[in-house]
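User: I have a model open on my screen and would like to learn how to read it. Could you walk me through some of its features?

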Amino acid sequence: MNARDESLATGHIDLQHIQVTFTQQGSQFTAVSDVSLHVEPGEFVSVVGPSGCGKSTLLNIVAGFLKPDSGVVTMDGKSIAGPSAERGVVFQQYSLFPWLKVRENVEFGLKLQGMSRHERETKARTLLGLAGLLPFENHYPDQLSGGMKQRVGIVRALATGPRVLLMDEPFGALDSQTRVVMQEILTHMWQQWKISVLFITHDIEEAIFLSDRVYVMTARPGRIKAEIPVDLPRPRTPTMTASPVFTALHRQLKSLIREESLAAMGGELDANSLSASWHLGQEGVEALR
Ligand SMILES: Nc1ncnc2c1ncn2[C@@H]1O[C@H](COP(=O)(O)OP(=O)(O)OP(=O)(O)O)[C@@H](O)[C@H]1O
């Protein structure tokens, strides 16, 4: 078995019956209720759902930053007890060290792993080259665009050889054009690495474009409402977003999330009241004057 086959055989994430409660302003509430989900080795899985449904909470549990109140979370059959280099994390905020140059940022984790200067320089330069960032290896983060910073963040997370990549709205801070390009870059990088990815996003199109499967969560308390396989061939290309399969999936996911977004607004809004509120009639218009 070569190194690539070995990495394919690992990176299995399994969450079973996860329950999380938080306390806010002195009162407890259930943030996540009875969530079970899995990511197979080498699979790209997204989680979508309305704001506040617990998506980041689930990612933080897999990252080992947070312990659930009940339920079981494992990676390759072993209980997750805390953060580990086996699980790389990329957040929306570019968490690069501003005082280090691009290559030094990528080398940081390798240095902690005890890799020699020569080896880590070679590895960082190879990875930066694959991400089209080699010409910027000696730049500081604040000399880069948002998209480039996030590419460096992804390369840095991948450098230490994690078996799983956890991404929490990684492109959320980017403008829509850059975001689309980043999705393409990520899907190409992922095809080369074939690493397991758990990806959190608000963006339905992004979830479909990137994923093998998409989990949809309910409004708080977050549960799994649906699990949707994405039956689109790889490699993914931008033209696929106009295909009948893509548009059907988009419609299905949009409708599932809309129901939950309305529920998240407290139940006082439903489809009828939403349209009624815009048809005020003459009396309503007068009342607003
Ligand atoms: N450490 C914490 N203490 C108290 N409440 C928390 C904590 N972390 C998250 N919450 C609350 O739990 C709920 C779920 O939060 P979470 O960030 O996981 O949701 P999300 O689906 O990722 O939201 P968004 O899409 O808006 O980023 C929210 O109501 C949030 O305010």
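**Reading strands, helices and their contacts**

Analyst: Happy to. Keep in mind that this is a predicted model. A good place to start is the pairing of strand S6 (residues 87–90) with strand S7 (residues 164–168): the two run parallel and are joined by four bridges.

User: Which residues in S7 are the partners of Val89 and Val90?

Analyst: The general idea is that strands of a sheet pair through backbone hydrogen bonds, either parallel or antiparallel. Here, Val89 stands opposite Leu166, and Val90 has Met167 as its bridge partner.

User: Are the two faces of S6 covered or not covered?

Analyst: In a regular strand the side chains alternate between the two faces of the sheet. For S6, look at Arg87 and Val89 on one side, then at Gly88 and Val90 on the other: all of them are buried, and both faces are covered.

User: What is the order of the strands in the sheet?

Analyst: The order is S6-S7-S8-S3-S9-S10, an open sheet of six strands with mixed pairing. Because S6 and strand S10 (224–229) each have a single partner strand, they stand at the edges, and one side of each has no neighbour in the sheet. On average, neighbouring strands are turned by 15° against each other, direction ignored.

User: Which strands does helix H8 lie across?

Analyst: H8 (residues 244–264) lies across strand S3 (44–48), strand S9 (213–217) and S10. Relative to S10, H8 runs at about 170°.

User: Now to helix pairs. At what angle do H5 and H6 pack?

Analyst: For a helix pair, look at the angle, then the axis distance, then the residues that touch. Helix H5 (residues 146–159) packs against helix H6 (residues 176–193) at about 20°, and their axes are 10 Å apart. Angles under 35 degrees count as roughly parallel, so H5 is roughly parallel to H6. Their crossing is right-handed. Among the residues making the contact are Ile154 and Leu158 of H5 and Ile185, Leu186 and Trp193 of H6. By type, the contact has eight nonpolar residues, four polar and one charged.

User: And how do H3 and H4 pack?

Analyst: Helix H3 (residues 102–112) and helix H4 (residues 117–130) have axes 9 Å apart and an angle of about 125°, and are therefore oblique to each other. This crossing is right-handed. H3 contributes Val102, Arg103, Val106, Glu107, Leu110 and Lys111, which meet residues of H4 including Arg120, Glu121 and Lys123. The contact of H3 with H4 divides into six nonpolar residues, no polar ones and seven charged.

User: How can I tell whether a residue such as Ile208 is buried or exposed?

Analyst: Count its C-beta neighbours inside 10 Å: 20 or more means buried. Ile208 has 24, so Ile208 counts as buried. You will find Ile208 in helix H7 (residues 204–210). Leaving aside neighbours within four places in sequence, Ile208 is in contact with Val214, Val230, Phe246, Leu249 and His250.

User: How many residues of H2 are buried?

Analyst: Seven of the nine residues in helix H2 (residues 55–63) are buried, which leaves the helix mostly covered. The buried ones are Lys55, Thr57, Leu58, Leu59, Ile61, Val62 and Ala63. After H2 comes Gly64, with a positive phi near 90°.

Methods. Residues are numbered from 1 along each chain as its sequence is written. This is a predicted model: local features need pLDDT of at least 70, side-chain atom pairs count only at pLDDT 80 or more; totals for chains, interfaces and linings use all residues. A residue is buried if 20 or more other C-beta atoms lie within 10 Å of its own, exposed if 12 or fewer, and partly exposed in between; C-beta atoms are placed from the backbone. Two strands pair if DSSP finds at least two bridges between them. Axes are lines fitted to C-alpha atoms, for helices over the stretch in contact, and angles run from 0 to 180 degrees between N-to-C directions. Angles under 35 degrees count as roughly parallel, over 145 as roughly antiparallel, 65 to 115 as roughly perpendicular and the rest as oblique. A crossing is left-handed if the near helix is turned anticlockwise from the far one by less than a right angle, and right-handed if clockwise. Two residues are in contact if their C-beta atoms, placed from the backbone, lie within 7 Å. Ala, Val, Leu, Ile, Met, Phe, Trp, Tyr, Cys and Pro count as nonpolar, Asp, Glu, Lys and Arg as charged, and the others, Gly among them, as polar.
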